[in-house]
Amino acid sequence: MNNETANPIRLVVFDWAGTTIDFGSQAPAAAFTSVFAARGIEVSGDESRAPMGLNKREHLIAMLRQPEIAKRWREVYQKDWTEDDIDAMYHEFVPLQLKAIEQFAQLVPQLTETVQQLRDRNLQIAGTTGYFRAAAEAVAERAAAAGFVPDTNICADDVPQGRPAPWMIYRAMERLGVYPPAAVVKVGDTVADIQSGLSAGCWSIGVCDSSSLTGLSVEQFAALTEDQRRDQLAQTAAAFRAAGSHAVIDSIADLPALIDTINARSLEYPQVIDPVSATL
């Protein structure tokens with residue numbers, strides 16, 4: 001593939017849950033809450049979401065390493081968790097995750113229109129996810145039926161290490177023949193997404209309204225007052241900026257304008273874009 005182009009950006013790498021499907025990333029949160037509840041341990045939605053974006057087995061480990069959850073585990077079992085416990089919980093988690101996907105795998109609002117605008121700009125589209133292979137395929141099948149088909153789809157099982165490592169992004173770049181990293185925009189809804197984009201050396205963008213950090217369904221988000229919505233988006237955006245994101249967008253519909261801003265500046269290397277001067 002010819003890497004000479006009038007526009008610097010040629011590939012957009014999307015996350016799945018919380019970015020392109022499953023507004024608010026409900027499916028993973030529900031599955032993690034259920035697998036802990038089955039073992040007599042109550043976890044909050046925020047606790048379930050804190051490690052979101054990681055490989056799902058690593059997500060379980062990250063939850064159990066949270067001091068409060070570790071304390072509850074010891075209160076129930078009178079001992080610390082072990083690798084055998086992780087293996088058993090992950091085995092239980094898999095069917096719960098697949099069942100949750102059936103319920104929550106709707107496309108986020110305006111995704112198909114946004115993707116068409118990106119296609120009109122001659123951009124390629126990739127999907128990456130912390131889901132295991134069966135879950136990634138289930139999500140892709142549901143998305144395809146609704147009209148969203150990326151050029152390639154990479155999951156955590158395809159690479160030696162999931163986020164925040166850059167390997168899924170690099171695998172997508174390799175498959176689609178796109179380089180250097182400055183020609184790539186990574187868009188996600190978690191801190192791990194931002195970190196993986198930074199690790200890869202590409203543009204790393206956070207999307208706020210559908211984010212796992214916001215954690216609201218479409219209906220819950222729509223029910224907020226204007227002030228509540230503004231405050232919630234600002235809180236999520238602040239978390240992305242603290243993680244080092246180059247820019248944040250309120251919703252996926254803002255992405256084409258942001259890419260136009262990047263292309264207009266013809267920047268050789270990714271750098272932070274002032275949200276005021278970006279004129280989104």
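1. Let me start with a helix pair: α1 and α3 are oblique to each other, because an angle of about 55 degrees falls outside the ranges that count as roughly parallel, roughly antiparallel or roughly perpendicular. This is a predicted model, so please read everything below in that light. Helix α1 covers residues 26-37 and helix α3 covers residues 56-64, and their axes lie 12 Å apart. The crossing of α1 past α3 is right-handed.

2. Which residues of α1 and α3 meet? On the α1 side they are Pro28, Phe32, Val35 and Phe36; on the α3 side they are Lys56, His59, Leu60, Met63 and Leu64. Sorted by class, the contact of α1 with α3 has seven nonpolar residues, one polar and one charged.

3. A second pair worth your time is helix α5 (residues 83-104) with helix α7 (residues 133-146). Here the packing angle is about 10 degrees and the axes are 10 Å apart. With angles under 35 degrees counted as roughly parallel, α5 and α7 are therefore roughly parallel to each other. From α5, the contact takes in Gln97, Leu98, Ile101 and Glu102, while α7 brings Ala134, Ala135, Ala138, Val139 and Arg142. The contact of α5 with α7 divides into six nonpolar residues, one polar and two charged.

4. Now for the empty space. How many cavities of 30 Å³ or more does a search of the whole structure find? The search finds one. The largest cavity holds about 80 Å³ of space, and 13 residues line it. Nearest its centre are Asp15, Ala17, Lys56, Thr129 and Arg163. The lining is mixed in class, with four nonpolar, five polar and four charged residues. You will recognise Lys56 from point 2, where this α3 residue is part of the contact with α1.

5. Arg163 deserves another look, too. Besides being among the residues nearest the centre of the largest cavity, Arg163 is joined to Pro164 by a cis peptide bond, with omega about 10 degrees. Pro164 sits in the loop that runs between β3 (152-155) and α8 (167-176).

6. Where is the other cis bond I would point out? It is the peptide bond from Tyr179 to Pro180, and its omega is near 0 degrees. Pro180 belongs to the loop between α8 and β4 (184-188).

7. One last backbone detail for your list. Most residues other than glycine have a negative phi, and most peptide bonds are trans. Gln78 has a positive phi, near 60 degrees, although this residue is not a glycine. Its place is the loop between α4 (67-77) and α5, and α5 is the helix that packs against α7 in point 3.

Key. Residues are numbered from 1 along each chain as its sequence is written. This is a predicted model: local features need pLDDT of at least 70, side-chain atom pairs count only at pLDDT 80 or more; totals for chains, interfaces and linings use all residues. Side-chain values use heavy atoms; hydrogens and water are left out. On a 1 Å grid over the protein atoms alone, a cavity is a set of points where a 1.4 Å probe fits but cannot get out, and a pocket is an open set with protein on both sides within 12 Å along at least five of seven lines; lining residues have an atom within 4 Å of a point. Grid points are joined across faces, edges and corners, and a volume is the space filled by probe spheres set on the points. Ala, Val, Leu, Ile, Met, Phe, Trp, Tyr, Cys and Pro count as nonpolar, Asp, Glu, Lys and Arg as charged, and the others, Gly among them, as polar. Axes are lines fitted to C-alpha atoms, for helices over the stretch in contact, and angles run from 0 to 180 degrees between N-to-C directions. Helices (H or I, at least four residues) and strands (E, at least two) are DSSP runs, numbered from the N terminus. Angles under 35 degrees count as roughly parallel, over 145 as roughly antiparallel, 65 to 115 as roughly perpendicular and the rest as oblique. A crossing is left-handed if the near helix is turned anticlockwise from the far one by less than a right angle, and right-handed if clockwise. Contact means heavy atoms within 4.5 Å.
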